[in-house]
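Me: I am new to reading protein structures and would like a close look at one part: the way strands are put together into sheets. Could you walk me through it slowly, and then show me what lies around it?

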Amino acid sequence: MSKILVTRSSMPELTEYMNEIESLWDSRWLTNMGIKHKELQKELQKYLDVASVELLTNGHMALELTLQAMNLQGEVITTPFTFASTTHAIVRNGLTPVFCDIDPVTYTIDAEKIERLITDRTCAIMPVHVYGNVCNVEEIQRIAHKYELKVIYDAAHSFGETYKGRGIGSFGDASCFSFHATKVFNSIEGGAVCFRDERLGNVLYELKNFGIHGPEEVSAVGANAKMNEFCAAMGLCNLRHVEEEIAKRRQVTERYLEHLEGVEGLQLNAPQPEVKSNYAYFPVVFEEKVFGASRAEVFDKLAENGIGARKYFYPLTNTFSCFHREYDVNETPVALHISKRVLTLPLYADLALEDVDRICEIILSCRT
């Protein structure tokens, strides 16, 4: 029996991708904002329903260069319940992360706790849409407006989602997406920043190309963060099929719910009103004393049967050894509680429903 991984990359038919890249053998234009890059940029702008899109080599550079482009100084309020990239982007810009706890239901930043963390050094808020759950964007914007703060969303988990009919990438001053191979939509590697301010876009464009302003002028210390034509071509192919992929993910999610919804000791992801979900992840929080088995026991039992699950997000970023215990994890107790108990189960478009049945059977067999 083949191993079931926690995720599996969506790919088009080989012939479709070959047809997409065939012209590159004639043009020999393989990078530096070529035809495929420009076409994907245009198609994403329409699909995501946003004012502007800048493509980058990955989601991390989207976060890091957006912060650099805004020329911020001081503290950024964010969440430790996220991937390393979010926190690292802040620190690598010489900024100080200030960690806010999370909402126990959505796992996103607890907007009601943001305001008390604001100081005269606060320059921005970097919330994270988690598992496809959308942050409290109205309250975050209210706070940002009141204190004149920038809002940069880490939207890596929310591609293709809408809130109240509005593209999720249109919120805040910028929203940063990841197109990593494991995401709902991928371009093998890639990322994007969505924004409204044309000046921000101009700076991002320069920063992703070494800060080059013109043939003989380098106006900023930039990076090399340009998406190449082969990744853009994969993005164009996958974008044609993304709605079909999301529909298949929904079927997998609904099958999980048939087995696990209502089981005592399991906290499942709650649907959000007025959010069109992308079914990016299926997180389960295991309360050992009620369910009868710990997360570790379930994780090990699944692994014994060739099934990969992921402790995601664990550990919290405010516990990373690279920060030398600079932060107090007890200041984010909800995030700490969830991080020690959550597993994301396998979820991808072509996961067989019979495999979902088997995964759930194994999980439920762990109860004592």
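Reply: Happy to! One term comes up again and again, so let us settle it at the start: two strands count as paired if DSSP finds at least two bridges between them. Please also keep in mind that this is a predicted model.

Let us begin with the sheet of 7 strands. It is open, its strands come in the order 1-9-8-5-4-2-3, and the pairing is mixed. What happens at the two ends of that order? Strand 1 (52-56) and strand 3 (96-99) are the edge strands; each has a single partner strand, so one side of each has no neighbour in the sheet. Going from one strand to the next, the twist averages 25 degrees.

Now walk inward from strand 1. Its partner is strand 9, and the two are antiparallel, joined by 5 bridges. You can find one meeting point at Leu56, which stands opposite Gly191 in strand 9. Being an edge strand does not leave strand 1 bare: 4 of its 5 residues are buried, so this strand is mostly covered.

The next pair along is strand 9 (residues 191-195) with strand 8 (residues 174-178). These two also run antiparallel, with 5 bridges between them. Look for Ala174: its bridge partner in strand 9 is Phe195. A helix belongs to this part of the picture too. Helix 7 (residues 198-207) packs on the sheet and touches strand 1, strand 8 and strand 9, and its direction makes about 155 degrees with that of strand 9.

While you are at strand 9, have a look at Cys194. Is this residue buried or exposed? Cys194 is buried, with a relative accessible area of 1%. You may wonder about a disulfide here. That is a covalent bond between the sulfur atoms of two cysteines. For Cys194, the closest cysteine sulfur is in Cys176, and at 8.3 Å it is too far away for a bond. Cys237 tells a similar story: its sulfur lies 12 Å from the closest cysteine sulfur, in Cys231, which is too far for a bond. Cys237 is buried as well, at 0% relative accessible area. In fact, a search of the whole structure finds 0 disulfides.

Back to the sheet, and on to strand 4 (122-126). How many of its residues are buried? The count is 5 of 5, so strand 4 is mostly covered. On one side, 2 bridges link strand 4 to strand 5, and these strands run parallel. Ala124 has Lys150 of strand 5 as its bridge partner. Strand 2 also runs parallel to strand 4, and 4 bridges join them. Here Thr78 stands opposite Met126 in strand 4. Lying across strand 2 (75-78), strand 3, strand 4 and strand 5 (150-154) is helix 5 (residues 84-91), which runs at about 135 degrees to strand 3.

Next, compare a second open sheet, built from 3 strands. Its order is 7-6-13, and the pairing is antiparallel. Strand 7 (166-167) and strand 13 (275-276) are at the edges, each with a single partner strand, so one side of each has no neighbour in the sheet. Strand 6 (residues 162-163) and strand 7 share 2 bridges, and Thr162 stands opposite Gly167 in strand 7.

For a single residue to explore, try Lys276, found in strand 13. Lys276 is partly exposed, with a relative accessible area of 36%. Setting aside neighbours within four places in sequence, Lys276 is in contact with Gly160, Glu161, Thr162 and Glu243. Lys276 and Ile168 sit 108 residues apart in sequence, yet their C-alpha atoms are 9.6 Å apart in space.

Finally, look at the empty spaces. The largest pocket has a volume of about 500 Å³. It is lined by 32 residues, and Phe83, Ser178, His180, Lys183 and Tyr312 are the closest to its centre. Two elements you have already met, strand 8 and helix 5, are among those giving two or more residues to that lining. The search also finds 1 cavity of 30 Å³ or more. The largest cavity has a volume of about 60 Å³, and its 13 lining residues include Lys183, Ala156 and Tyr281 among those nearest its centre.

Definitions and conventions
Residues numbered from 1 in each chain as written. Predicted model: local features only at pLDDT ≥ 70, side-chain atom pairs only at ≥ 80, totals over all residues. Heavy atoms only, no water. Axes fitted to C-alpha atoms, helices over the stretch in contact; angles between N-to-C directions. Contact = heavy atoms within 4.5 Å. Disulfide = S-S within 2.5 Å. Buried < 20%, exposed > 50% of the residue type's maximum accessible area, 1.4 Å probe, protein only. 1 Å grid on protein atoms, 1.4 Å probe; cavity = no way out; pocket = protein on both sides within 12 Å on 5 of 7 lines; lining within 4 Å. Points joined across faces, edges and corners; volume = space filled by probe spheres on them.
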